[in-house]
Every structure is written in C-alpha cells, then in structure tokens.
Amino acid sequence: MAAGGGPIPPGPTPQVTAVGRRDTPTATPAPRPAPRRRHRRRLAAPNFLVHRTADDVLLILPVSGGSRRPPRAAPPRKRRRREEEGEEEEGGEEEAAAGPQSAWGSRLPPEILVRIFQAAVEQEGAVPFLCRVARVCRLWCAAAAEPRLWRRVSLGGCWGEPTPGRPPHTQRKVLGTVRWLAESRFSLLQEFVLCGWKSHVGFVLQALGERCPLLGSLALRRCGGVPAQPLACLPPRCPRLHRLELRHCQVEPSAVAAFLGAAGPRLRQLCLSCGPRLGTVLAALASGCCPDLRLLELDTALGGTGPPLPLPVERLQAACPHLQVLRLLNLSWTARGSRRADPPGFPRLEELSLAGAGGVGVGDEVLRRLLRASGRLRLLDLRGCTRVTPRALLELPCDDLEQLYLGLPCGAEELPRLTEGSAELAWKWRRSLRELDLAGRSFGQQDLARAMAAFGPGSPLRSLNLAGTKVTPGALSALLPACRHLAYLNLSSCRHLPRGTKRPHRGCREVRRCLRVLAGRPPDEENPDEDPPEPDAPDEPLRRPEA
C-alpha cells in the first residue's frame, strides 16, 4: 500500500541489481535495422589470353580453370559521376577492356582458328592436341573437326597396349574411339603412324582401309601381331599408298611380299626392319615388282645373329633403276648374283649408307659393283666397313660428294693399318665436301697434315670428326684461316693434342677458339679476316644418316 493508504498504481516492474538496490525503470530499445549491403558485380575473368608471336599471329590459349562454354558478355557497369572531384571509378578502363576479351573465344572466325590449329598440329601432331582442344567449347570443337587438320596422325602405345590394370571395357572403348576417328576425322588422312601396339593392329588396318582412300604413307613401329590379310588388303582400297615402313614388327616376310605384289607399281619408299628373314622380300624386289622404288632401307637390331643375307646386286640394279637412297644399316649381307659383263648400276643414286656392324663383309670389289654408275652420289656412309680402302674410293665416278663418313670403332686390333690415303680423299672432294668423318682411322701425321691443308679459303667444310686419330696441332692450325664456317670439330682421344682440347667442339665460336689455342694464339683474339661475320649455326642443316 502507498503512504496514503491507497492502492499502488500499475507500472513497470522494477529491476534489482546484484547488491539488492532498486534501479530506475527503463524502456527496452527497439532493434536497429541491418545495414544494407551493396553487392558489387564481379566481372568474370577472361577465359582466353591473347599472345602475339614474332610473325604477328594471334594465339588464343585456354586459361586453367576456365569454363568449357563461352561466357556471356557482362552488361556494362554504370560509372559513378563525380563532378566535384572529376574522378572516375577505379578499374573502369580495365572493365571496359575485359568485356570484349571474354567473348573472343566465341567470336573468333573459324578460318583463323583452323590456321592456328594447323600451326600447332605441324609441331605437336594431331593426336592428342586436337582431341584436347575439342573439349574447350563448341567453336573449338567445330574447328578441330576440320578434316584437313587430320592429314598426319600418330597413335602411341598407350592407346592399344593391354595392361594388367586396364579393364576389358577400356579396350573396347579405345577401339570404338579409333573407329569413330576413322569415320569422322580421317577422310583426308595421308600419313599414319602406329607405334607400340601389341594387339588389335589388324583392326586398325581394316579401319584405315575402309575410311581412308587418300592414305599415302603407313608406318608400323614396334607393333606385334601384324596380320597378313589386312596388310595385303590396303593397296586396293588405298590407291595412293606409296610408302610402307615396318620397324621391329612381328610380321611374316610372306605378308610383306604379298603387299609388294599388290602395291609394287606405285610404291616409292620401303623401310623394313624385320630381322634376318628378309630373303623373301629381296627376291620379290629383284623380280621387278617395284620398278619405281626411290628409297630402300633394310635394318635389323644390333647384335643380331643369323647367316648373312644374300643381296642380288645386279638384279636389284636392273629391277630398281630409279633408286636414289639405299641404306643397309646394321645388316650382315653378302653380294650374290651373276656378274654381268655390263651391269646397269644405280645411275640416280644419291645416298648410300652401309653403316653398322654388318659392314665387315663389304670390300673394295663390292663397293665398285654398287657405285660403278653413281655419278650423282652426295652422301656415302661407310662407318664400320673395315675392308674398304682409300684406293677404291678414289675410283668412284662421283665428283661432288658432300658427306663422307669413314669412322671406325677405336681400339680394335684386327683393323687394317692404313697410314696413307686421307690426303688424296680430301684433295679430290675439297670443293664440295661439307662433312668428313675419319674417326678411328690410323692415318699418319704427315698424311693428315696434307689432308688438312687441302681445305683452302672458301672451303664449304662444316663438320670434321677426327676422334682417335694422330692429328697434330700444326695440322689443325691450317684450318683457322681456311674453314670459316666450321661448326663442329671432334678431337676426342687425340693423343698428340694438349689437354683441354681433346673433346667435341660445337659452334663456330668454340671451334675458332680451339683452333687459336692449338696455333699458340690468344683464344679471345678477334681477326675480321679469319672470323666469319655470323659465327652461328650453318645456313641450312645437313642431313645426317641414321645409323
């Protein structure tokens, strides 16, 4: 009750603190509204970067993490007007520039994109480059489907080689992919390489025969189980097929002979590496089944065993009159056949390579039978042919030989000791010789000195291999003012040279520095009369034989 005895009016309930004191009643404040957040629109980063090459060609590359579909162009953002300060919103120019870039991937003309893909395909190959870029967007997928980009295709062993951890349905998926490529991409296919397939080779050959009428070159490398029937059915279905390459493949020689019988009149290049069972193939070639053959390469694995392969030299010359390149690499063979009174020879032969361990049986007489009419010869590779003497080389009818390889394995005791002959060879081809290999030859010091003196001013010599020879510093000093374009000099294991120079020297500058050291002059001396104006790599690369 109140002091006057009356009732207590209703009111707010008083609050009691911890010490028991009664506080003044207060009203509960109303909650404040949450501040309104201003959402800024984030511009999507461009999915492509534009680069310029030295030839001013635009290359559009996908950025990691970008979406596969072409992004939509963001609406232009309204700029804030700051009339008082005269400032613009930061990043306005960047946003204006980022807008068009995000749509370049979808607005680029397909013709330009196909040309860009074509430049990349020439360097990296069609597979897997085109398969990857086709997953970027619809425009890239349509450009990657252009048949002219699929003219040269190479499939590696990761596609068809069965592995223990690979399920069977993966094999069926791979074969389905190959069939789909043959049906939708290989209509203009011209060159095809299959490497490392241990199975399903016949399926691939059958697909090529059904869908690739323009196929001109077929290469099978390290493939197993090459069937005879699909290989023999390719020539009728591919009328432009003119090149066959079988390297270290499991194929019967009879299947190759059947292929030559079907495609022989138009076959121009044949590369075989099928072991020592090549007698059937050589018999088919000598019978005249390939009259227009231009390149013949027979190879076998190093250290192969078996009897020497009989090579009918005269019959092969009569059957292949247009032969330009003949390579018998690592092959043990002997010249067989009747010696005609007037053999035709190889009048158009430009390259002869007999390199390898099998060249031991090649002598002067065999070399004369092979090159008696080869006046156009440019490259002669006799590395490992221990029985060929310089006298037989001087009798050759070719006067413009550019590359001569006579290197022998160093340290062999059974090699013939020839102390003279290098000088005559150098003087005969001093005006045309660009590469000379005398490694391991036992020519004398005086003979090598006369050979080095043959290369006078204006000599085109660019590569010289004297590893394991008796060359002296005085003989090499004659090359300093003469061979201005010498870019390779191998002086390994030369006992008569000082330390620090007995190694390969690459590049014009390094070769000139080595020759100055051998001549007793400062290595960094500059002489415009001796140094070439451009001491870099040669103007055009030389073609080196494959040993």
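Q: In which helix is Arg237 found?
A: This is a predicted model, in which local features need pLDDT of at least 70, side-chain atom pairs count only at pLDDT 80 or more, and totals for chains, interfaces and linings use all residues. Residues are numbered from 1 along each chain as its sequence is written, and side-chain values use heavy atoms, with hydrogens and water left out. Helices (H or I, at least four residues) and strands (E, at least two) are DSSP runs, numbered from the N terminus. The run of residues 228-237 takes in Arg237, and this is helix H9.

Q: Is Arg237 buried, exposed or partly exposed?
A: Buried means under 20% relative accessible area, exposed over 50%, and partly exposed in between (1.4 Å probe, protein chains only). The relative accessibility of Arg237 is 41%, so this residue counts as partly exposed.

Q: Which residues is Arg237 in contact with, leaving aside its neighbours within four places in sequence?
A: Contact means heavy atoms within 4.5 Å. Leu215 is 22 residues from Arg237 along the chain, with 9.3 Å between the two C-alpha atoms. With neighbours within four places in sequence left aside, the contacts of Arg237 are Gln206, Gly209, Glu210 and Pro213.

Q: Why is the pair of Phe117 and Phe129 stacked or edge-to-face?
A: Rings of Phe, Tyr and Trp (its six-membered ring) pair if their centres lie within 6.5 Å; planes under 30 degrees apart count as stacked, over 60 as edge-to-face and the rest as tilted. The structure holds four aromatic pairs. In the pair of Phe117 and Phe129, the ring centres are 5.8 Å apart and the planes stand at 85°, so the pair is edge-to-face.

Q: Which residues form one aromatic cluster with Phe117?
A: Phe117 and Phe129 are both buried. The cluster that holds Phe117 is completed by Phe129 and Trp140.

Q: In which sense do strands S6 and S7 pair?
A: Two strands pair if DSSP finds at least two bridges between them. Strand S6 (residues 243-247) and S7 have five bridges, and Leu246 stands opposite Leu272 in S7. Their sense is parallel.

Q: How many of the five residues of strand S7 are buried?
A: Strand S7 spans residues 269-273 and is mostly covered. S7 also pairs with strand S8 (residues 295-299) in the parallel sense over four bridges, and Cys271 stands opposite Glu297 in S8. The number of buried residues in S7 is four.
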